[in-house]
Amino acid sequence: MALIRGIDVYRVELPLHEGSYKWSGGNSVEVFDSTVVCIHTDAGVTGYGEVCPLGPAYLPAYAAGARTGIAEIAPHLIGLDATQLTVVNAAMDAALRGHPYVKSALDMACWDILGKVAGLPVCTLLGGRFGESFALYRAISQESPGEMAEKVALYRSEGYTKFQLKVGGDPDTDIERIRAAAGRLERGDVLIADANTGWTQHQALRVADAVRDVDVYIEQPCASYRECLAVRRHTNRPFILDELVDSIGMLVDAAGDHAMDVINLKISKVGGLTKARQIRDLAVSLGVALTIEDTWGGDIITAAIAHLAHSTPPNYLFSATDFNSYVTVSNAAGAPRREQGRLAASTTPGLGVTPRWEVVGKAERAA
């Protein structure tokens with residue numbers, strides 16, 4: 001038992017190595033606003049979590065909202081046993097309807113506590129560790145077709161073999177982007193054209209038809225499920241859903257419609273590791289592959305991604321991501337680091353990370 005006695009919140013800025021990250025709709029971010037949470041217990045065990053929305057214009061989530069929501073929920077968690085994850089999640093859902101991203105860092109910190117109390121790494125608690133490491137993808141920020149093709153070669157030199165192109169702009173330019181990048185692929189490479197909901201249905205159909213002969217996955221072409229399903233039924237390319245995947249119910253409906261081959265599972269979008277694990281396990285049972293990721297983050301989120309990905313059966317783990325390699329600031333020690341395009345979860349109890357206090361700065365007491 002580890003009763004919650006206090007919750008602290010920290011704001012950390014995470015600049016990007018490449019200066020900015022650009023995706024559909026002219027959106028871009030230069031510095032990510034991340035929130036780190038510390039949950040203190042009467043057992044002397046502290047758990048750490050993190051949430052980092054991709055700016056305010058991507059999903060219904062924003063950084064200041066995360067901290068405001070945590071302050072709203074936190075008093076309702078005082079006195080609860082942090083190792084009782086279902087009880088904690090029920091209390092959060094009762095205290096604040098919706099806003100799953102607000103709850104993600106709190107849930108993540110409780111998994112860290114559970115692992116430390118049990119003396120086990122989180123991936124063991126999530127189902128076990130498959131193999132020594134797993135493959136990562138690299139997102140390629142939206143630029144000219146030539147520049148994006150050059151990035152394929154650059155990132156391959158760093159060990160990546162899966163490349164996610166940010167498209168969702170002008171269809172003719174996007175067709176050029178896809179073809180240019182595909183021309184740089186080598187045997188075993190995987191290419192994903194991720195529109196991030198940026199195309200209308202007729203634009204998506206044009207692009208899908210124009211790249212029917214290209215070895216590429218089409219990811220989340222349109223904003224609505226109806227539009228994405230229409231494109232899915234038109235194209236012969238493998239299909240990925242991302243922004244729409246927010247619950248078990250959505251997964252059940254989409255699987256029933258054969259709406260995708262792969263889903264991208266973002267931990268904070270569904271409310272944390274507890275609900276992400278439920279969706280992951282159902283997807284595996286339904287035969288749907290997954291990319292394990294989040295909206296963004298630093299070392300703590302990368303550690304959580306690693307534990308969920310490492311405990312996913314390899315046949316169904318399409319990919320995962322290592323956000324801490326994109327940013328210039330390390331907000332926690334002990335986080336996994338990419339080696340030749342692969343990542344491995346920590347073998348120490350919990351998430352295996354400790355905040356760098358000189359980086360996270362001064363705490364605000366949420367409860």
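Begin by selecting Arg-11, Glu-13, Asp-33 and Arg-67, which are linked in a network of salt bridges (a salt bridge being a side-chain nitrogen of Lys or Arg within 4 Å of a carboxyl oxygen of Asp or Glu). The model is predicted, with local features needing pLDDT of at least 70 and side-chain atom pairs counting only at pLDDT 80 or more, while totals for chains, interfaces and linings use all residues. Residues are numbered from 1 along each chain as its sequence is written, and side-chain values use heavy atoms, with hydrogens and water left out.

A search of the whole structure finds 24 salt bridges, and three further pairs are worth selecting in turn.

Select Glu-18 and Lys-151, whose side chains meet in a salt bridge at 3.8 Å, N to O. Glu-18 lies in the loop between strand E1 (4-15) and strand E2 (21-22) and Lys-151 in helix H5 (residues 145-157), so the pair ties together parts that are 133 residues apart in sequence; helices (H or I, at least four residues) and strands (E, at least two) are DSSP runs, numbered from the N terminus.

Move next to Asp-93 and Lys-275, a salt bridge in which the closest N and O atoms are 2.8 Å apart. Here helix H2 (residues 85-95) holds Asp-93 and helix H11 (residues 273-286) holds Lys-275, so parts that are 182 residues apart in sequence are tied together.

Then select Asp-322 and Arg-338, whose side chains meet in a salt bridge at 3.5 Å, N to O. Asp-322 is buried, with a relative accessible area of 0%, whereas Arg-338, at 26% relative accessibility, counts as partly exposed (buried means under 20% relative accessible area, exposed over 50%, partly exposed in between, with a 1.4 Å probe and protein chains only).

For the interior, select Ile-178, Leu-241 and Trp-296, which touch the most other members among the 121 residues of the largest nonpolar core, a nonpolar core being a set of buried Ala, Val, Leu, Ile, Met, Phe, Trp, Tyr and Cys residues joined through side-chain atoms within 4.5 Å. Helix H3 gives the most to this core, with 10 residues. Around Trp-296, leaving aside its neighbours within four places in sequence, the residues in contact (heavy atoms within 4.5 Å) include Leu-16, Phe-32, Cys-52 and Phe-323.
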